[in-house]
Amino acid sequence: MVDKLRKRVVTYTVLAVLLVLILLMGTLNIANYVVKDRAADAMLEFLAENDGAFPGPFGKDDMEPKANPDGEGFHGGPGGLRPGMTEETPYETRFFTVDLNEDGSISSINTGRIAAVDSAKAVEMVESAIAKGKSTGYDGNYKYLLSEAEGKKTYIFVDCTRDLMSVRSFLKTSLLVSLIGFIAISILVYLLSPKMIKPVAESYAKQKEFITNAGHELKTPMSVIESCTEVIELQSGESKWTQGIKEQVKKLSDLTTHMVALAKMDEGEELAMEDVNLSELVNKALAGFSLEAEQQGRVIERNIESGISIKGNATLLTELVSILADNALKYATEEKPIKFSLAKDGKRAVLTEENYAEGLEKGSQNKFFDRFYRGDTSHNSEKPGSGIGLSMAQSIVSAHGGEITAESPDGERIIITVKIG
């Protein structure tokens, strides 16, 4: 159990770290891309407002910008650059424009501010943009905008290669850093996990030791009580008092045995596994309970598919069936049958027990597998039992790598399903 707890702590911690890294790096990369994309949009809008060119000394048909005769730069004022742009922005920005007539034919192409695109390539990219039917978007590393003013259409393309390379570089770097960080944290969590669960492990060890010691210590006084009761019966004969003592001693003995067995199973001790004919085992285990049911005026209906075999521990599997049958006889409504079925579902065997019972709630009933849980919370029910049987059944199923569930589909029946194999 301690090893399972350690694995869970490591697994959940690592998954939490992974989720945080994904959210953090995802947010940063998306934000980085959005910033670059909005910068491209701002540049396109700026060029569209200025007829596809930078204002001032940057003529639309000039390859090189001219000097500003006033020496005042290009910031602010009508026709000036926007806040956030610098005097270097016109030199750094690479773009081209294509003007269209009203009928959609190309009237002019300006590639004077870019070296990577010639007129033929510009026409090809415009035709592609027209075919997409969008006024803005990306064509490779170029973002475009369709500007319409005074009956003239102009496609403006801005080269975003450097910005997109920056986005990709940031993505690769962040992924690498996240991977290294994730591996480092995972190793640290694994190495530190024994210390993280040390208090729980110590508490569990003490609990297990107490249960084991208590089980051994109780055997002697219980044997003495049973022997003394037999002597009293030999001398004075049987009575309801001696029978009561015997019943309580047996109940305490069974409870102690089950608690010790649970402690051993929780410890994860290796079980002796063998090929088990589960069909025969279930039929044989239910045979004795069928006789007991008849004595109580009840019926156990069996629908056991033959020839189902699994790898398991025959003794524990017999105990599992016995627990389910005993629990059903204790709590099932008397006039209704108790149904057991066994079938094959792929590679797994599915054992189902169904019975009517009182006080059920519709939906999952997995609370019945909690240790010492009983429907009568006062524990004063006339029905015998300690509330540990189904908990032990769950431990047996878990030890075989299976799963057990309890559900009430209508609030009247309880269906316990075991999938094992």
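Select helix H1, residues 2–49, where helices (H or I, at least four residues) and strands (E, at least two) are DSSP runs numbered from the N terminus. H1 has 48 residues and spans 70 Å between its first and last C-alpha, close to the 70 Å expected at 1.5 Å a residue; the expected span is 1.5 Å times one less than the number of residues. Just after H1, Asp 51 adopts a positive phi of about 60°.

This is a predicted model, in which local features need pLDDT of at least 70 and side-chain atom pairs count only at pLDDT 80 or more, while totals for chains, interfaces and linings use all residues. Residues are numbered from 1 along each chain as its sequence is written, and side-chain values use heavy atoms, with hydrogens and water left out.

**The sheet beneath H1**

Keep H1 displayed and add E1, E3, strand E4 (142–149) and strand E5 (152–159): H1 lies across these strands and runs at about 35° to E4. Contact here means heavy atoms within 4.5 Å; axes are lines fitted to C-alpha atoms, for helices over the stretch in contact, and angles run from 0 to 180 degrees between N-to-C directions.

Now show the whole open sheet, whose five strands follow the order E2-E1-E5-E4-E3 with antiparallel pairing. Two strands pair if DSSP finds at least two bridges between them. Strand E2 (106–110) and strand E3 (136–139) stand at the edges with a single partner strand each, so one side of each is left without a neighbour in the sheet. On average, neighbouring strands of this sheet are turned by 20° against each other, direction ignored.

Zoom to strand E1 (residues 95–100), which pairs with E2 in the antiparallel sense over four bridges. Val 98 has Ile 109 in E2 as its bridge partner.

**Two cysteines**

Select Cys 160, which is buried at a relative accessible area of 4%, and then Cys 228, which is partly exposed at 42%. Buried means under 20% relative accessible area, exposed over 50%, and partly exposed in between (1.4 Å probe, protein chains only). A search of the whole structure finds zero disulfides, a disulfide being a pair of cysteine sulfur atoms within 2.5 Å.

**The six-stranded sheet**

Move to the open sheet of six strands in the order E7-E9-E10-E13-E12-E11, where the pairing is mixed. Its edge strands, strand E7 (300–304) and strand E11 (363–364), each pair on one side only. Strand E10 (residues 348–356) and strand E13 (residues 413–420) pair in the antiparallel sense over eight bridges; Ala 349 stands opposite Ile 420 in E13.

Add helix H8 (residues 314–331), which packs on the sheet and touches strand E9 (338–345), E10 and E13, its direction making about 15° with that of E10. Helix H9 (residues 389–399) also packs on the sheet, touching strand E12 (403–408) and E13, and makes about 140° with the direction of E12.

**Ile 300**

Centre on Ile 300 in strand E7, a residue that is buried at 12% relative accessibility. Beyond its neighbours within four places in sequence, Ile 300 is in contact with Phe 289, Ser 290, Ala 293, Ile 338 and Phe 340. The C-alpha atoms of Ile 300 and Ile 338 are separated by 4.7 Å, although the two residues are 38 apart along the chain.

**The whole protein**

Finally, restore the full view: the protein has nine helices and 13 strands. Buried residues make up 35% of its 421 residues. Of the contacts with a separation of 6 or more, 65% join residues 24 or more positions apart.
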